[in-house]
Amino acid sequence: MIEKYRGDREAGKPVHILGIETSCDETSAAVIKDGTEILSNVISSQVEIHKRFGGVVPEVASRRHVENITLIIEEALEEADLKLSDLSAVAVTYGPGLVGALLVGVAAAKAICFARGIPLIGVHHIAGHIYANRLMTELEFPLLALVVSGGHTELILMKDHGEYQVLGQTRDDAVGEAYDKVARTLDLPYPGGPHIDRLAQEGREEIEFPRAWLEPDSYDFSFSGLKSAVINTLHNARQRGQRLRKEDVAASFQASVIDVLVEKTIRAAREYGVKQILLAGGVAANQGLRETLKQRTESEGFPLVIPPLSLCTDNAAMIAAAGYISYQKGDFAGMDLNGIAGLSLV
Ligand code: KG4
Ligand code: ZN
């Protein structure tokens, strides 16, 4: 394994990393050249399959990954115009996520590394979301990353590549989870985040929902109170025979979420004097959040990096981009790499 690794680096050849992502309901494979250039990024979403259940069914997700993974990897190589023998390493998400789903990607990555004698790299899913930004522009440290997804809400300080300090995180629901639950109460299809985002743009912020600021110096978040407040407001209105406009509920809910996310981000950015603010994770696709963060960071003088929509939701390009940092450090996994559902970032 190490032989091939040294060979590539000494020969000054391009480093081609195959990324694999199967932590939830997207089967994805990508090839990245020298850490930042996307040669391919193939994503097969299972959303249509899980929609009818109102959420991801783990067993169904694992089986679909098994059916898809080989084809998706072949497609990623074909699009990149490369063969397995051109690869320098394979980077794979090994947590956090659904363990059965993670294992499909991990097993595929191991098989390729074993067969080709190339290094295996284990990547934390959130590191991947953060590194989606490096596919846009070079990172400058110290930086602050606001990570918002279906499973995570975190403010992360990075002083160097691959070094993560969690300044704050959610104490209950992740922000994407709150979006999806509120959406379900509004009878919107799964996943609800994009639907609430769309409705919010047509609504008015007429309902005063709570903002969980927590202790004055805390960078933690809490969204379960807000979620309950929205659900209660809807139930109470229904009981009184009153009809609330979905657009106004969505706009008021989204305003509360964005207020807290953006204010805490700006406060942390000031405290740590960061050179960049990054937005990462599936909820980074939210138009309201992107707009508000753009305005606030501009007026505060912090450069903001946001991935394009295609790199916000789960994809393997971001996993390969994060894996490249481990590759440079020679930080490789053994063949005993396992999927870890609750893997922590630090
Ligand atoms: O990062 P991701 O693809 O998967 C996880 O790692 O969790 O994030 C999925 C989450 C879902 O909760 C989805 O509703 C939310 O991201 N999401 C959005 C938007 N697009 C996706 N939430 C709010 N506004 C959006 N436009
Ligand atoms: Zn994700």
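Guide: A residue is called buried when its relative accessible area is under 20%, exposed when over 50%, and partly exposed in between. Keep that rule in mind. The model above is predicted.

Visitor: Why is Arg 134 called buried or exposed, whichever applies?

Guide: Arg 134 has 10% relative accessibility. The cut-off for buried is under 20%. So Arg 134 counts as buried.

Visitor: What makes Arg 134 and Glu 138 partners?

Guide: Their side chains meet in a salt bridge, N to O at 2.9 Å. The rule asks for a side-chain nitrogen of Lys or Arg within 4 Å of a carboxyl oxygen of Asp or Glu. The pair fits, and it is called a salt bridge.

Visitor: What about Glu 138: buried, partly exposed or exposed?

Guide: Its relative accessibility is 40%. That value falls between the 20% and 50% limits, so Glu 138 is partly exposed.

Visitor: How do you know that Glu 208 and Arg 211 form a salt bridge?

Guide: Look at their closest N and O atoms. They are 3.8 Å apart. The limit is within 4 Å. The pair passes, and Glu 208 forms a salt bridge with Arg 211.

Visitor: Which class does each of these two belong to, buried, partly exposed or exposed?

Guide: Glu 208 has a relative accessible area of 70%; exposed needs over 50%, so Glu 208 is exposed. Arg 211 is at 25%, which lies between the two limits, so Arg 211 is partly exposed.

Visitor: What else does Arg 211 form a salt bridge with?

Guide: Asp 259. Here the closest N and O atoms are 2.8 Å apart, against a limit of 4 Å.

Visitor: Why say that this pair ties parts together?

Guide: Check where each residue sits. Arg 211 lies in the loop between helix 7 (193-200) and helix 8 (224-239), while Asp 259 is in helix 9 (residues 246-272). The two are 48 residues apart in sequence, so the salt bridge joins parts separated along the chain. Asp 259 has a relative accessible area of 31%, so it is partly exposed.

Visitor: How many salt bridges does the rule give?

Guide: The count is 17. Some link up: Asp 173, Glu 177, Lys 181 and Lys 227 form a network of salt bridges.

Visitor: How many salt bridges run between domain 1 and domain 2?

Guide: The count there is 0. There are, however, 4 residue pairs in polar contact between the domains.

Visitor: Where are these domains?

Guide: Domain 1 covers 2-131 + 312-329, and domain 2 covers 141-306. Their centres are 28 Å apart, taken over C-alpha atoms.

Visitor: How do you know that the domains touch?

Guide: Contact needs heavy atoms within 4.5 Å. By that test, 16 residues of domain 1 are in contact with 20 residues of domain 2. Together the domains bury about 1400 Å², with 71% of it on carbon and sulfur atoms. On the domain 1 side, Ile 126, Ile 130 and Cys 312 supply 38% of the buried area, more than any other three residues.

Visitor: What makes Phe 141 count as buried, given its value?

Guide: Phe 141 has a relative accessible area of 17%. Buried means under 20%. So Phe 141 is buried. Phe 141 is found in the loop between helix 5 and strand 6 (143-148).

Visitor: Which residues does Phe 141 touch, leaving out those up to four places away in sequence?

Guide: Met 158, Lys 159, Asp 160, His 161 and Lys 275.

Key: Residues numbered from 1 in each chain as written. Chains lettered and ligands numbered in written order. Predicted model: local features only at pLDDT ≥ 70, side-chain atom pairs only at ≥ 80, totals over all residues. Heavy atoms only, no water. Domains from an automatic or database assignment. Buried area = accessible area lost by both parts, 1.4 Å probe. Polar contact = N/O pair within 3.5 Å; in protein donor to acceptor, adjacent residues only side chain to side chain. Buried < 20%, exposed > 50% of the residue type's maximum accessible area, 1.4 Å probe, protein only. Helix = DSSP H or I, 4+ residues; strand = E, 2+ residues; numbered from the N terminus.
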